[in-house]
Amino acid sequence: MSKACQITGKRAMVGNNVSHSNHKTKRVFNVNLFEKKFYWPEQDCWIRLKVSADGLRLINKIGLNEALKRAAEKGYIGA
């Protein structure tokens, strides 16, 4: 499974390490991901999602059902 949030679609970004002498080398900025289990009352089951910290805040704000619906519309999950 890729390093991407299943709710917000956030992925790793590529950038540069910049030294004091201004020498640049490539590096990867990974997403702050968590493997988390959620109880989905509408389906009466537990689901496991890879979510970022921002995705957790979104689920707390709008609810799991609405967050899953938005993620499916945008194509982040195949539900």
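The paragraphs below go through a predicted model, from its strands to its core and then to single residues.

The hairpin is a convenient place to start. Strand β1 covers residues 13–18 and strand β2 covers residues 24–29; the two pair in the antiparallel sense over 6 bridges. Within this pairing, V14 of β1 stands opposite V28 in β2. Between the strands of the hairpin there are 5 residues. One of the residues in the loop between β1 and β2 is N22, whose phi is near 70 degrees, a positive value in a residue other than glycine. With a relative accessibility of 48%, N22 falls under the 50% limit for exposed residues and therefore counts as partly exposed.

A second residue with positive phi is found in the loop between β3 and β4, where D44 lies. The phi of D44 is near 55 degrees, again in a residue other than glycine. D44 has a relative accessible area of 57%, over the 50% limit, so D44 is classed as exposed.

The interior comes next. The largest nonpolar core has 13 residues, and those with the most contacts inside it are I7, L49, L64 and L68. Strand β3, strand β4 (45–52) and helix α2 (64–74) each supply at least two residues of this core. The largest share, 4 residues, comes from α2. For L68, the contacts beyond four places in sequence are I7, W40, I47, L49 and I77. Two of these partners, I7 and L49, are themselves named among the core residues with the most contacts.

Strand β3, which spans residues 33–40, also holds F34. F34 has a relative accessible area of 36%, which lies between the 20% and 50% limits, so F34 is partly exposed. Leaving out residues up to four places away in sequence, F34 touches L49, K50, V51, S52, A53 and L56. For one of these partners, A53, the C-alpha to C-alpha distance from F34 is 7.5 Å, although the two are 19 residues apart in sequence.

The segment before β1 contains Q6. Its relative accessibility is 15%, under the 20% limit, and Q6 therefore counts as buried. The side chain of Q6 reaches the backbone nitrogen of K50 at 2.9 Å. K50 is also one of the residues touched by F34.

K10 lies in the segment before β1 as well. At 39% relative accessibility, between the two limits, K10 counts as partly exposed, so its class is not that of a buried residue. Not counting residues up to four places away in sequence, K10 touches K3, A4, C5, V31, S52 and D54. K10 and D54 are 44 residues apart in sequence, and their C-alpha atoms are 9.1 Å apart in space. S52, another partner of K10, is in contact with F34 too.

Aromatic rings complete the picture. A search of the whole structure finds 1 aromatic pair. Rings also lie under charged groups in two places described here. R27 lies over the face of F29, at 3.9 Å from the ring centre. Both R27 and F29 fall within β2, the strand of residues 24–29. The charged end of K37 sits over the ring of W46, 5.5 Å from its centre. K37 falls within residues 33–40, the span of β3, whereas W46 falls within 45–52, the span of β4.

Key. Residues are numbered from 1 along each chain as its sequence is written. This is a predicted model: local features need pLDDT of at least 70, side-chain atom pairs count only at pLDDT 80 or more; totals for chains, interfaces and linings use all residues. Side-chain values use heavy atoms; hydrogens and water are left out. Rings of Phe, Tyr and Trp (its six-membered ring) pair if their centres lie within 6.5 Å; planes under 30 degrees apart count as stacked, over 60 as edge-to-face and the rest as tilted. A charge sits over a ring if NZ of Lys or CZ of Arg is within 6 Å of the ring centre and within 35 degrees of the ring normal. Two strands pair if DSSP finds at least two bridges between them. Buried means under 20% relative accessible area, exposed over 50%, partly exposed in between (1.4 Å probe, protein chains only). A polar contact is a pair of N or O atoms within 3.5 Å; within protein, one must be able to donate a hydrogen and the other to accept it, and residues adjacent in sequence count only if both atoms are side-chain atoms. Contact means heavy atoms within 4.5 Å. A nonpolar core is a set of buried Ala, Val, Leu, Ile, Met, Phe, Trp, Tyr and Cys residues joined through side-chain atoms within 4.5 Å.
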